[in-house]
Amino acid sequence: MQKLSNPSLLLLRNEEELHGEKVLVINHNDDGFLSELAKVNPAAQIYAFSYNFADHLAASKYQNVTSFVSHSLPNIDNLDLVIYYYPKSKPEANMMLTNIRANLGEATRLLVVGENKGGVKSVEKQLKPYAQASYKLDSAKHCILYEFNDLIAEDSFDIANYHHTFNVKVAEQNFDAISVPGVFNHGKLDIGTELLLNHLTIPNKGDVLDFGCGAGLIATFMLNAQPNLSLYCLDVSALALYASEQTLKLNGHNGQFILSDGLTQVTTKFDMIVSNPPFHTGLSTDYSIAETFLANAKHMMKKGANLQIVANSFLKYPPIIEQHFAHFKTEIKNTKFAVYQAQKV
């Protein structure tokens with residue numbers, strides 16, 4: 001049996017608040033909460049929404065749950081209850097709270113739950129102008145559960161209103177990019193990716209995978225240098241894929257966009273894979289994503305294909321890479337980051 005997260009445990013100890021005919025759960029964990037919700041509310045139509053493809057897949061396995069993954073909420077009429085797991089990004093929460101208010105029924109109740117260290121207390125101030133009534137229902141295990149009623153509805157929601165355009169200057173290139181809240185390093189070039197781009201070997205042609213594409217900075221940089229490349233942008237986040245698509249379009253490029261948990265949705269074999277791989281899940285550090293990626297990457301590479309990645313210097317990636325690739329070298333390493341290159345022979 002899966003171990004319920006602390007926010008889920010807090011929700012379930014207030015099960016009398018979880019009833020409704022139509023219930024939407026947003027930003028849920030893969031911890032079994034949806035199954036428990038169905039047990040305490042057996043007559044309900046339960047919907048689940050996530051920006052995260054892995055969480056969407058987890059929700060899809062429950063027969064009595066209809067799951068969605070996208071960059072914006074689906075339109076569901078007459079919702080009785082919305083349960084929102086507060087994210088670690090306050091700008092993302094602001095965007096989602098507006099999206100929720102654009103999908104309200106006449107009597108929709110909103111429950112917001114989250115960890116104190118994740119900033120859930122911010123929701124009081126964020127919703128104060130829009131809620132006629134609000135309650136702090138419960139707190140335990142360093143988490144808080146809020147209820148908001150009589151929310152002022154938003155006429156509509158358009159994610160384009162949350163576009164943040166910023167300038168990228170790196171390795172003799174200068175281009176604009178678009179990000180949206182919730183995307184990795186929202187609104188700026190992170191120093192790891194900057195180091196990678198300054199030491200990137202770009203092929204003249206071929207199929208290239210940008211794994212964990214974020215706002216599409218690596219893909220755009222490569223296409224600016226070599227427009228004949230076929231770029232595939234992959235991320236577990238629907239927000240990241242949306243931002244990548246906007247950034248490529250802004251710079252006059254096209255690409256393929258793959259929403260995937262790791263490499264599970266990939267069918268193409270590549271001449272090159274490039275990545276600043278993620279190592280966080282929610283609020284916690286999780287190296288397994290990058291380790292699984294490194295273990296599986298060679299199966300998605302053509303003979304002679306190159307792998308180039310940047311990673312925090314303290315992460316023990318060299319022995320993992322050497323385990324799977326005979327040809328491996330460290331391009332550059334400083335106190336914070338290292339750029340590694342490997343080749344499939």
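These are my notebook entries on a predicted model of one protein chain.

**Entry 1: the whole chain**

I began with the overall build. I counted 10 helices and 18 strands in the chain. The C-alpha trace spans about 60 × 40 × 35 Å along its principal axes. I then looked up the radius of gyration, which is 21 Å. A compact globule with 345 residues would have a value near 20 Å, so the chain agrees with that expectation.

Next I looked at burial and surface. Of the 345 residues, 53% count as buried. The chain exposes about 15900 Å², and carbon and sulfur atoms supply 46% of that area. I also checked the contacts with a separation of 6 or more: residues 24 or more positions apart account for 64% of them.

**Entry 2: histidine 28**

I looked up where histidine 28 sits. Its place is in the loop between strand S1 (22-26) and H2. Is histidine 28 buried or exposed? Histidine 28 has a relative accessible area of 2%, so I noted it as buried. Leaving out residues up to four places away in sequence, I found that histidine 28 touches Leu34, Ala48, Phe49, Ser50, Asp55, Ala59 and Tyr85.

**Entry 3: helix H3**

Two of those neighbours, Asp55 and Ala59, took me to helix H3 (residues 53-60). The buried residues of H3 are Phe53, Asp55, His56, Ala58 and Ala59. I asked what covers them. The cover includes H2, strand S2 (45-50), strand S3 (65-69) and strand S12 (256-259). At the start of H3, I found a side-chain oxygen of asparagine 52 within 2.9 Å of the backbone nitrogen of alanine 54.

**Entry 4: helix H6**

I put the same questions to helix H6 (residues 191-198). In H6, Gly192, Thr193, Leu195, Leu196 and Leu197 are buried. Which elements do the buried residues of H6 pack against? I listed S8, helix H7 (217-225), strand S13 (270-275), strand S16 (301-312), strand S17 (327-333) and strand S18 (337-343). At the start of H6, a side-chain oxygen of aspartate 190 comes to within 3.2 Å of the backbone nitrogen of glycine 192.

**Entry 5: salt bridges**

Side chains of opposite charge can pair when their charged atoms come close. How many salt bridges does the count come to? I noted nine. I looked up three of these pairs in detail.

The pair of glutamate 36 and lysine 39 has its closest N and O atoms 3.2 Å apart. Both residues are in helix H2 (residues 33-40), and because they are three residues apart there, about one helical turn separates them. Glutamate 36 counts as buried at 18% relative accessibility, while lysine 39 is exposed, with a relative accessible area of 58%.

For arginine 101 and glutamate 154, I read an N to O distance of 2.9 Å. This salt bridge links distant parts of the chain, 53 residues apart. Arginine 101 lies in helix H4 (residues 90-101), and glutamate 154 lies in the loop between strand S7 (143-151) and strand S8 (164-170). Arginine 101 is buried, at 4% relative accessibility. Glutamate 154 counts as partly exposed, at 29%.

Arginine 109 and glutamate 147 also meet in a salt bridge, at 3.6 Å from N to O. Here too the pair links distant parts of the chain, with arginine 109 in strand S5 (residues 109-115) and glutamate 147 in strand S7, 38 residues apart. I noted both arginine 109 and glutamate 147 as buried. Salt bridges with shared partners join Glu17, Arg109 and Glu147 into one network.

**Entry 6: cysteines**

A disulfide is a covalent bond between the sulfur atoms of two cysteines. I looked for disulfides and the count came to zero. Why is cysteine 213 not bonded to cysteine 233? The sulfur of cysteine 233 is the closest cysteine sulfur to that of cysteine 213, but the two are 4.9 Å apart, which is too far for a bond. The cut-off I used is 2.5 Å between cysteine sulfur atoms. Read from the other side, cysteine 233 has the sulfur of cysteine 213 as its nearest cysteine sulfur and is in no disulfide.

I then checked their burial. Cysteine 213 is buried, with a relative accessible area of 6%. Cysteine 233 counts as buried too, at 0% relative accessibility.

Terms used:
Residues are numbered from 1 along each chain as its sequence is written. This is a predicted model: local features need pLDDT of at least 70, side-chain atom pairs count only at pLDDT 80 or more; totals for chains, interfaces and linings use all residues. Side-chain values use heavy atoms; hydrogens and water are left out. A salt bridge is a side-chain nitrogen of Lys or Arg within 4 Å of a carboxyl oxygen of Asp or Glu. Helices (H or I, at least four residues) and strands (E, at least two) are DSSP runs, numbered from the N terminus. Buried means under 20% relative accessible area, exposed over 50%, partly exposed in between (1.4 Å probe, protein chains only). Contact means heavy atoms within 4.5 Å. A polar contact is a pair of N or O atoms within 3.5 Å; within protein, one must be able to donate a hydrogen and the other to accept it, and residues adjacent in sequence count only if both atoms are side-chain atoms. The radius of gyration is taken over C-alpha atoms; the globule rule is 2.2 Å times the number of residues to the power 0.38. Accessible areas come from the Shrake-Rupley method with a 1.4 Å probe; for residues, only the protein chains shown count as cover.
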